[in-house]
2 protein chains.
Amino acid sequence: MAIAMTQLDLDVDHPQAKPRLGRKRDQTRDPEILDAALEVLAETGYDGMTIEMVAARAKAGKATLYRRWASKPELVLDAVACMKARDLDLDSLPDTGTLRGDLVAMVKAPTIQEGERKLKVMAGIVSMIARDPELAAAAQEALVEPRAAANRVVFRRAIERGEISADVDVETLCTIGPAMIAYRVLMLRKPVDRAFIIGTIDQIILPAAMRATGPT
Amino acid sequence: MAIAMTQLDLDVDHPQAKPRLGRKRDQTRDPEILDAALEVLAETGYDGMTIEMVAARAKAGKATLYRRWASKPELVLDAVACMKARDLDLDSLPDTGTLRGDLVAMVKAPTIQEGERKLKVMAGIVSMIARDPELAAAAQEALVEPRAAANRVVFRRAIERGEISADVDVETLCTIGPAMIAYRVLMLRKPVDRAFIIGTIDQIILPAAMRATGPT
DNA sequence: CTTATACGATACGATGGAGTTCCGGATATC
DNA sequence: GATATCCGGAACTCCATCGTATCGTATAAG
């Protein structure tokens with residue numbers, strides 16, 4: 001599963017692993033600690049977050065954290081990267097037969113909640129992202145790409161069905177939803193509820209997808 | 001002009017202003033210092049910014065800054081609030097006779113540049129905004145509202161001309177552009193050029209504005 | 001049962017930035 | 001010209017946090 005790739009200790013599947021004595025590291029704590037880190041990150045932001053906060057939240061000692069991650073930046077990087085896993089599965093997306101049906105079916109309470117969590121984490125690291133390409137790549141991969149990928153699938157299906165024109169820009173369509181939601185949460189500071197998302201689908205995404213081709 | 005409202009010294013128009021002796025405070029330094037603060041804020045974010053950086057950038061001493069603002073948060077608050085002034089004038093908006101003409105006319109190099117500057121400042125304070133309502137209000141007022149207000153004008157004119165239906169949601173339309181631009185800069189980390197904005201107008205905003213009424 | 005390590009907890013040193021104070025020099029009022 | 005305040009600059013104190021070290025306990029290998 002390789003949830004925490006940062007640590008230097010031996011992997012289970014390493015060929016000639018040193019026969020280390022003594023108590024073994026409790027691997028089940030890794031996801032708990034990373035989850036605590038994400039909570040603190042979402043609540044206080046990157047700079048507000050301290051290692052002691054994360055340790056306290058995970059009911060662990062600071063030494064335990066530093067035994068597993070070399071520094072605060074590496075812990076954050078790992079925590080962000082691990083948000084990728086918990087995303088929606090591309091193979092189990094709704095397939096209702098219509099574009100609107102698929103888009104509306106993706107608006108589910110847990111999905112919205114997980115999206116809002118990701119946005120709060122994103123808000124906590126945005127200022128950091130400009131100066132840390134590695135963190136920027138991890139955030140891209142874990143926070144924005146999965147959502148775009150899911151949207152891509154339903155738009156491509158709509159094109160295959162002939163429901164929308166084949167020459168619309170799928171990449172642009174994919175970003176409308178995430179962009180409107182992110183702007184509402186981070187800039188307007190208004191809640192994202194089901195009504196808002198359905199409104200965005202009907203008033204913006206579908207008109208853009210269905211538009212008669214040719215600008216001007 | 002009341003650029004810096006935070007300071008406690010006497011206003012010029014105060015009725016019985018104490019006849020203060022000694023050298024007078026050089027008011028022309030205020031905007032220079034606030035501008036330096038915005039630069040540092042955009043480059044390093046709220047937590048990365050230090051008072052010494054701002055002082056150095058403005059070629060001023062730390063004491064000068066603390067003489068005018070009580071603390072770092074108040075300096076930042078004032079700096080953000082003062083970005084409101086430098087925005088586009090609602091009375092001198094383009095009026096080309098068509099919605100698309102007005103929207104395209106608003107896409108000018110200096111406008112884009114100023115918008116990108118504001119977005120970088122926003123990125124630097126996003127994590128702070130969640131915990132400081134006063135800063136959140138200032139950012140709302142100075143960074144997001146002016147842009148929405150300009151858009152409101154051209155959409156309302158389009159409705160008056162009968163170019164678009166009167167029952168479209170103007171508030172939603174106003175946010176599409178800012179949302180797509182903010183998402184592209186902050187999340188996708190791609191450049192915002194003229195082509196992208198024109199594309200957004202033609203592929204998203206105009207289809208949403210022109211759509212045949214009634215969802216589903 | 002011995003040994004080596006992980007565990008939570010806590011004490012410790014080093015670092016950096018917020019905010020204060022003082023300096024010599026400039027400038028305004030009286 | 002005396003006085004009071006501003007200026008840029010720099011030294012200073014204070015405090016929070018990073019990261020390390022240590023302690024007593026728990027646990028796994030030999």
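# Reading contacts in a protein–DNA model

Biologist: Let's start at the DNA. How do the residues of the surface near DNA strand D divide into nonpolar, polar and charged?

Modeller: A useful first step is to sort a surface by residue class. Here the surface near DNA strand D has 14 charged residues, alongside 8 nonpolar and 6 polar ones. Please keep in mind that this is a predicted model.

Biologist: Thanks! Which residues are the closest to DNA strand D?

Modeller: Once the classes are clear, look for names. Of the 28 residues that surround DNA strand D, the closest are A:Arg23, B:Gly22, B:Arg23, B:Gly61 and B:Thr64, a list that draws on chain A as well as chain B.

Biologist: And which helices supply at least two residues each of that surface near DNA strand D?

Modeller: The next step is to map residues onto elements. Chain A brings helix 2 (51–57) and helix 3 (62–68), while chain B brings helix 3 (62–68). Helix 3 of chain B gives the most, with 4 residues.

Biologist: Now the other strand. Which residues are the closest to DNA strand C?

Modeller: We can repeat the exercise. DNA strand C is surrounded by 28 residues, and the closest are A:Gly22, A:Arg23, A:Gly61, A:Thr64 and B:Arg23. Two or more residues come from each of helix 3 of chain A, helix 2 (51–57) of chain B and helix 3 of chain B. For DNA strand C, the largest share is that of helix 3 of chain A, with 4 residues. Sorted by class, this surface has 14 charged, 8 nonpolar and 6 polar residues.

Biologist: Let's move to the protein partners. How many residues of chain A are in contact with chain B?

Modeller: For an interface, begin with the count on each side: 31 residues of chain A are in contact with 31 residues of chain B. On the chain A side, helix 1 (29–48), helix 6 (109–129), helix 7, helix 8 and helix 9 (194–210) each give at least two residues. Helix 8 of chain A gives the most, with 11 residues. That side of chain A has 19 nonpolar, 7 polar and 5 charged residues.

Biologist: Within chain A, at what angle do the axes of helix 7 and helix 8 cross?

Modeller: For a helix pair, read the distance, the angle and then the hand. The axes of helix 7 (residues 133–160) and helix 8 (residues 170–188) of chain A come within 9 Å and cross at roughly 125°. These two helices of chain A are therefore oblique to each other, and their crossing is right-handed. Among the residues that meet are A:Val144, A:Ala148 and A:Phe155 in helix 7 and A:Leu173 and A:Pro178 in helix 8. The contact has 7 nonpolar, 3 polar and 3 charged residues.

Biologist: In chain B, how do helix 8 and helix 9 pack?

Modeller: The reading goes the same way. Helix 8 and helix 9 (residues 194–210) of chain B pack at about 145°, with their axes 10 Å apart. Their crossing is right-handed. B:Leu173, B:Ile176 and B:Met180 are among the helix 8 residues that meet helix 9 residues, including B:Phe196 and B:Ile204. By class, this contact of chain B has 8 nonpolar, 2 polar and 1 charged residues.

Biologist: One last residue: is B:Ala166 buried or exposed?

Modeller: Here we count neighbours. B:Ala166 is exposed, because only 12 or fewer other C-beta atoms within 10 Å are allowed for that label and B:Ala166 has 10. B:Ala166 sits in the loop between helix 7 (133–160) and helix 8 (170–187) of chain B. Its C-alpha atom is 33 Å from that of B:Met83, 83 residues away along the chain.

Terms used:
Residues numbered from 1 in each chain as written. Chains lettered and ligands numbered in written order. Predicted model: local features only at pLDDT ≥ 70, side-chain atom pairs only at ≥ 80, totals over all residues. Near = placed C-beta within 6 Å. Nonpolar A, V, L, I, M, F, W, Y, C, P; charged D, E, K, R; others polar. Axes fitted to C-alpha atoms, helices over the stretch in contact; angles between N-to-C directions. Parallel < 35°, antiparallel > 145°, perpendicular 65-115°, else oblique. Left-handed = near helix turned anticlockwise from the far one by under 90°. Contact = placed C-beta atoms within 7 Å. Buried ≥ 20, exposed ≤ 12 C-beta atoms within 10 Å, placed from the backbone.
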